[in-house]
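Me: Here is a model I would like to understand better. Please take a close look at its charged side chains and what surrounds them, and then carry on to a place where helices pack.

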Amino acid sequence: MTNEQKRNFLLYSAGRLVSLIGTGIQMIVLPLYILDLTGSGTLMGTFSLLSMLPGLLFSPIAGVLGDRRNRKKIMVNLDYIRGVIILFMAYSAYQGWMTIAFIFTAQVFISILDSFFGGSTNAMLPDLVPINFLTRANSVNSSITSFSNIIGPILGGIIYGFGGIKVVFLINGISFIISAISEMFITYHPHYERKQKISFKSMFSDIKEGLIFIKGRKGLKELLLFVMVVNFIMAPILTIVLPYVLRQEIGFTSEQYGITQSSFTVGILIGSILIGTIFSKNNSKKSITFGFIVEAIMFFIISGLFFPNIVATFGGASWTFLIILYINLMVIGVSNAFINIPIDTNMQKMTPTNVRSRVFTVVELVARGAIPVGMQIYGILLDLMKGYQITLVACIVSIIVIILFLRIAPEETFNPKPFTEEV
């Protein structure tokens, strides 16, 4: 690497680190703030929906924009814009203007801006470093994301507990401004055509082609359907039910809750290391099956821990209860790596390079699109049922789905042959 490339990568990484930590702090605190303010699981679910759905809907447009315009300018401008919005939220909280409607409206805009930012930054990295350093660069990038996901929730719980929501907004807003300043000093020479007009017709045509390809591959189609259903059933347990139960039903402090939120990411890191070293040559079906079995057991244990008499046995929101819960969530993270890494690898093998981007856009929309729908439904259910009841039912339904998938999915889902021909 040249000195310029090293400096560019350092500035890029530093900007991402600061911005992601600030975002992690805010995203873990806002649902708690809404819950503390209203006590409503429905509103908490609505916020989670607004945090994901607008950005998901705009992701195809974001990808097109990232390929047509200067990615550095997009990065810098969007960091400044997001920083200003969040600093205004801090000012509003300080002045006492903060309302639920205001938070929801701001989150819609932030979610859309996040989508456009991600579409450019992810594509920009290969332009900043030489091809022989790209693997290491992606490794550093992944480490930054994982570190931010671990430290952000912990800091968020502590800061919210001591300083309240206005301090959280202030720190996050400043982090975006610092990130933008860092990115301004990147020397960037785009190597793509920037004057092409953005065509909605061609964008939707590409998505249609991706759908046609998925329809023609039974293994990929079964895998996508399964991922969508499981995400719908189980993802809201961690994002909606868990925080509601810990805060409203058990009474965890914001600091205790923040600590639990690092457990899943720590588990994913451990699982990724195990997959990449000791279990790298394992049959993918064995790895996926093992991950599902362990994950199901852990979720059943957690649903049992949420029963009122079990909570009372541990003395409510005690540190003993927290440690046991943390270990269970960490093991779920490990098992999740054993599931997701082979699935991601198999999807890449099943999809030829020339249609991979279009296919993965469809996969992203369908798989992640099921999550906010599940979040909204689970948020409503939390106002009607107890958290442990929802968790137990979700575990039973997910096990039925998993058994059906393992029995009916074709062999190419687990052991696909890499594509070599053009499509």
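Reply: Happy to! Contact here means heavy atoms within 4.5 Å, and the model is a predicted one. With that in hand, let's begin at Glu-295, which sits in helix 11 (residues 284-305). Leaving aside residues up to four places away in sequence, Glu-295 touches Ile-332, Ser-335, Asn-336 and Ile-339. The relative accessible area of Glu-295 is 10%, so this residue is buried, the cut-off for that being under 20%.

Now for the charged pairs. Side chains of opposite charge can pair when their charged atoms come close. In this model the count comes to two salt bridges. One of them joins Arg-82 to Asp-79, with 2.6 Å between the closest N and O atoms. Both residues belong to helix 3 (residues 71-95), and because they are three residues apart there, about one helical turn separates them. Neither end is left open: Arg-82 counts as buried because its relative accessibility is 3%, and Asp-79 is buried too, at 0%.

Arg-82 also meets the side chain of Asp-114 in a salt bridge, at 2.5 Å from N to O. This pair reaches across helices: Asp-114 lies in helix 4 (residues 100-128) and Arg-82 in helix 3, so parts that are 32 residues apart in sequence are tied together. Asp-114 has a relative accessibility of 28% and therefore counts as partly exposed. Through their shared partners, the salt bridges join Asp-79, Arg-82 and Asp-114 into one network.

Finally, the helix packing. Helix 8 (residues 218-250) packs with helix 15 (residues 387-408) at an angle of about 165 degrees, and their axes lie 10 Å apart. The two helices are therefore roughly antiparallel to each other, since angles over 145 degrees count that way. Their crossing is left-handed. From helix 8, the residues making the contact include Glu-222, Phe-226, Val-230, Ile-233, Ile-237, Val-241 and Glu-249. From helix 15 they include Tyr-388, Thr-391, Ala-394, Cys-395, Ser-398, Val-401 and Phe-405. Sorted by class, the contact of helix 8 with helix 15 has 18 nonpolar, three polar and two charged residues.

Note on methods: Residues are numbered from 1 along each chain as its sequence is written. This is a predicted model: local features need pLDDT of at least 70, side-chain atom pairs count only at pLDDT 80 or more; totals for chains, interfaces and linings use all residues. Side-chain values use heavy atoms; hydrogens and water are left out. Axes are lines fitted to C-alpha atoms, for helices over the stretch in contact, and angles run from 0 to 180 degrees between N-to-C directions. Helices (H or I, at least four residues) and strands (E, at least two) are DSSP runs, numbered from the N terminus. Angles under 35 degrees count as roughly parallel, over 145 as roughly antiparallel, 65 to 115 as roughly perpendicular and the rest as oblique. A crossing is left-handed if the near helix is turned anticlockwise from the far one by less than a right angle, and right-handed if clockwise. Ala, Val, Leu, Ile, Met, Phe, Trp, Tyr, Cys and Pro count as nonpolar, Asp, Glu, Lys and Arg as charged, and the others, Gly among them, as polar. A salt bridge is a side-chain nitrogen of Lys or Arg within 4 Å of a carboxyl oxygen of Asp or Glu. Buried means under 20% relative accessible area, exposed over 50%, partly exposed in between (1.4 Å probe, protein chains only).
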